[in-house]
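Visitor: Please give me a close look at a single part of this model. Keep it brisk, and then place that part in the rest of the chain.

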Amino acid sequence: MEQEVNRSLDPLQTWHSAAAKSLPGLSTLVFNPDLVVVLAEGDPLRAEGIDTDRMEGQSLAEVLPETVWRQMENDFRRALEGTSVSMEMPVSDGNALYWVQVTPMRREERVIGGVISSHEVAQRMVAEDSLLTQAGTFEAAFNKAPIGMALLALDGSLIRVNASFCRLTGYSENELTHMKFPELVRAEDLEGDLKHALRLMSGEIDSYSVEKRYITKSGETTWVLQASSIVRDDEGNPIHIILQLQDFSEQKELRSELRRIAEHDALTGLANRRRFVSALEDQIERCRRYDEKAGLLMLDLDDFKVVNDTYGHSAGDALLWSFGSDLDKRLRRNDLVARLGGDEFTVLLVGSDEDKASRLASQLMEYFDSRDLDAGGVTVGCRASIGSIGLDSETESADKALMAVDHSMYAVKGKRKSR
């Protein structure tokens, strides 16, 4: 579990490191399920004379003041159960008031640790007041916008959210304003987003848009199109980030379906020529660059025309579907099976070589020679001639590889006919 916490630190640490440059009053502690510190950083900790490097590896009970530990121990444990807690707390003998948040750290929707972050209430109010004191037109647009909108502090805290943002995530406004942005996003989507956020805070860009997955309160995942922009003060310092979210699930599903249609054979459901050639080109490139090896098969049903002429084209279509399905089941998951057209099929054997491809071709021919398949209510034999070649660093192109395996297949077919 501790290793999982450490693997999750990179995007979160990047976020807080960037935020610390703009918010000197920010401090962060990350702890594992044993309440042991695995990351400590921030000016407030150093201002208290604390060596943040030495805090790592120690328990929270050892590094926090006794009064703070007694007051917040239950909150730390609640974070490990998935609950966020926020509060105001005086530190430095009451000379400063800090806003403290304890939030869960998740990986693949499981809680694997917690994060304690704090910064001065005065600095939080700068971000909060900068928008609330603007003209009422912004306030009305924010509240009534049909898309989700949120005001995000540089430390990741959600300061304001509108009704559409609540509906999209399933959380109430009160729940969201006690959470942090990383809690809403799939861990694998967070790192790329944070790279854009760094450029945003540094002034390299003024806004960006990304497609990403949000985790709703029910634990479901929803795709959103997220637009982020930075708001700065009169001196150019970043104050907060404005998020705008649009539900992108239907468009994502439609795009996936269109891609599936474009890359799959309508009759058999296998990969079509377009997708197969693309995969073959990628494999040839890997063979050249990394000296990989692979195998390529070409299959052609013997006397397929007889089935069409005797039983009709619907029976022929049924036979092609049955053959493709049976072939796919007999291969490994990472091998790619495709129908090139008519009664020709091809297979890309990843991690194979010429000898293995040849042996597999012989085994498949022996299998299909003795196999009867359903052809729309009619049972017919399903002999197939199969050619094979190897792919390596000397393979020139996808076209030449397909020509070579096609010649191999016809040579096999000629030998089978002569027998």
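Guide: Start with a cysteine. Cys 287 has a relative accessibility of 0%, which is under 20%, so it counts as buried. Cys 382 has a relative accessible area of 2%, so it too is buried. The structure holds zero disulfides. Keep in mind that this is a predicted model.

Now the part to look at closely: strand S6. It covers residues 148–153, and six of its six residues are buried. Take the faces in turn. On one side sit Gly 148, Ala 150 and Leu 152, and these are buried. On the other side sit Met 149, Leu 151 and Ala 153, and these are buried as well. Both faces of S6 are therefore covered, by the cut-off of under 20% relative accessible area.

What does S6 pair with? One partner is strand S10, residues 238–247. Six bridges join S6 to S10, and the two run antiparallel. To find the register, look at Ala 150: its bridge partner in S10 is Leu 243.

Strand S7, residues 158–161, is another partner. Three bridges join S6 to S7, again antiparallel. Here Leu 152 of S6 stands opposite Leu 158 of S7. The two strands form a hairpin, with four residues between them. In that turn, Gly 156 has a positive phi of about 95 degrees.

Positive phi turns up elsewhere too, at residues that are not glycine. Leu 35 has a positive phi of about 60 degrees. Leu 35 sits in the loop between strand S1 (27–31) and strand S2 (37–42). At 5% relative accessibility, Leu 35 is under the 20% cut-off and so counts as buried. Asp 291 also has a positive phi of about 60 degrees and is not a glycine. Its loop runs between helix H12 (273–290) and strand S11 (294–301). At 52% relative accessibility, Asp 291 is over the 50% cut-off, so it counts as exposed.

Next, a helix. H5 covers residues 66–80, 15 residues in total. At 1.5 Å a residue it should span 21 Å, and its end C-alpha atoms are 21 Å apart, so the two agree. Yet H5 has a kink of about 55 degrees, centred on Met 72. Met 72 is one of the buried residues of H5, along with Val 68, Trp 69, Asp 75, Phe 76 and Ala 79. An α-helix has 3.6 residues a turn, so residues three or four places apart point the same way. After H5 comes Gly 82, with a positive phi near 100 degrees.

One more acidic residue deserves a look. Asp 326 lies in helix H14, residues 313–329. Its relative accessible area is 10%, so Asp 326 is buried. Beyond its neighbours within four places in sequence, Asp 326 is in contact with Tyr 367, Phe 368, Arg 371 and Leu 373.

Finally, the whole chain. It has 16 helices and 16 strands. Of its 419 residues, 49% are buried. Among contacts with a separation of 6 or more, 56% link residues 24 or more positions apart. The chain exposes about 21,000 Å², and carbon and sulfur atoms supply 46% of that.

Terms used:
Residues are numbered from 1 along each chain as its sequence is written. This is a predicted model: local features need pLDDT of at least 70, side-chain atom pairs count only at pLDDT 80 or more; totals for chains, interfaces and linings use all residues. Side-chain values use heavy atoms; hydrogens and water are left out. Buried means under 20% relative accessible area, exposed over 50%, partly exposed in between (1.4 Å probe, protein chains only). Contact means heavy atoms within 4.5 Å. A disulfide is a pair of cysteine sulfur atoms within 2.5 Å. The expected span of a helix is 1.5 Å times one less than its number of residues. The bend at a residue is the angle between axes fitted to the seven residues ending there and the seven starting there. Two strands pair if DSSP finds at least two bridges between them. Accessible areas come from the Shrake-Rupley method with a 1.4 Å probe; for residues, only the protein chains shown count as cover.
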